Amino acid sequence: MIIFGTRGVKSTLGQGSFNCPQCECNKAYKHKKVTRFFTLYFIPIIPLGKLGEYVECQSCKGTFITNVLNYQKSPSADQFLSQYEIAMKHTMVLIMLADGEIDDNEMATVLKIVNKFGHNDITLQELQEYVIKVQRNPEEISTYLKGISPSLNLHGKESIIKCAIAVAASDGNIDASEMKLIYEMAKVMEMNKKHFDRIIEEIKNPEPSFSAN
Ligand SMILES: [Zn+2]
């Protein structure tokens, strides 16, 4: 049996220091490029084109669009974070709505996550208004997530999945419709099944585990 497929391979284009919008101070960064490769027996063989580029803060591991490097002086953090904020808000609200009920605890968790990830803190009322908007026009879970996915490192993808699980679990149980949507998110972000299963396992068994770092 010949095993072939494609996967994204990361390479570093450059590094230096930048004004990290998340740390809000000067930090080291790596400018990374993701190239899609045709793989044979999991070994990247043929480059198929660029998937994306991003700037990764070496301190908080946050990922940003490359434009972040052009605004050293006074970065308008909102500008760089906005696409993450939109994606975060949209996906978390869809997870909250997945089981057909809105629980106060779920709402509070979503608000906490959205405000932790973004720099434009929103109020509970603003979130409630947004939820109504999403209920009227749900859009696919991939709508905004797809756009930011090539700019996310593994850490970024993992934390989005963990946040989604936190939202789903905040009403007391994660039901099948929520799990299905979370798995869909992992697929949109091209996480492999093994990695996804490991995150789920970690959450179910929060024992100290041996991790790579
Ligand atoms: Zn940072």
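This tour moves through a predicted model, from its sheet to its helices and then to two residues at the end of one helix and in the loop after it.

Numbering starts from 1 in each chain, following the sequence as written. Because the model is predicted, local features require pLDDT of at least 70 and side-chain atom pairs count only at pLDDT 80 or more, while totals for chains, interfaces and linings use all residues.

**The sheet**

Select β1 (4-20), β2 (residues 25-40) and β3 (residues 43-57), and β4 (residues 63-64). Strands (E, at least two residues) and helices (H or I, at least four) are DSSP runs, numbered from the N terminus. The four strands form an open sheet in the order β1-β2-β3-β4, with antiparallel pairing; two strands pair if DSSP finds at least two bridges between them. β1 and β4 stand at the edges with a single partner strand each, so one side of each lacks a neighbour in the sheet.

Begin with β1 and β2, which are joined by 16 bridges; Phe-4 is placed opposite Leu-40 in β2. Next, follow the twelve bridges between β2 and β3, where His-31 has Val-55 as its bridge partner. The hairpin of β2 and β3 has two residues between the strands, and Tyr-41 there adopts a positive phi near 50 degrees.

Continue to β4, which two bridges join to β3. Val-55 stands opposite Phe-64. Five residues separate β3 from β4 in their hairpin, and Lys-61 in the turn has a positive phi of about 65 degrees.

**The helix pair**

Now select α5 (residues 154-169) and α6 (residues 176-188). Their axes, which are lines fitted to C-alpha atoms over the stretch in contact, lie 10 Å apart at an angle of about 170 degrees. Angles run from 0 to 180 degrees between N-to-C directions. The two helices are therefore roughly antiparallel, a label for angles over 145 degrees.

Display Ile-160, Ile-161, Ala-164, Ile-165 and Ala-168 in α5, which meet Glu-178, Ile-182, Met-185 and Ala-186 in α6. Contact requires C-beta atoms, placed from the backbone, within 7 Å. This contact comprises eight nonpolar residues, no polar ones and one charged; Ala, Val, Leu, Ile, Met, Phe, Trp, Tyr, Cys and Pro count as nonpolar, Asp, Glu, Lys and Arg as charged, and the others, Gly among them, as polar.

**The cores**

The largest nonpolar core holds 30 residues, and Met-92, Ile-95, Val-110, Ala-164, Val-167 and Met-185 have the most contacts inside it. Such a core is a set of buried Ala, Val, Leu, Ile, Met, Phe, Trp, Tyr and Cys residues joined through C-beta atoms within 7 Å. A residue is buried with 20 or more other C-beta atoms within 10 Å of its own, exposed with 12 or fewer, and partly exposed in between. α1 gives the most to this core, with eight residues. Centre on Ile-95: beyond four places in sequence, its contacts are Ala-164, Val-167, Ala-168, Glu-178, Leu-181 and Ile-182. A second, separate core of eight residues includes Cys-20, Tyr-29, Val-55 and Val-68.

**Leu-97 and Asp-99**

Finally, select Leu-97 in α1 and Asp-99 in the loop between α1 and α2. Leu-97 is partly exposed, with 18 C-beta neighbours inside 10 Å. Outside four places in sequence, Leu-97 contacts Val-134 and Gln-135. Asp-99 is also partly exposed, with 18 other C-beta atoms within 10 Å; by the same sequence exclusion, Asp-99 contacts Asp-175, Ser-177 and Glu-178.

Technical notes: Angles under 35 degrees count as roughly parallel, over 145 as roughly antiparallel, 65 to 115 as roughly perpendicular and the rest as oblique. Two residues are in contact if their C-beta atoms, placed from the backbone, lie within 7 Å.
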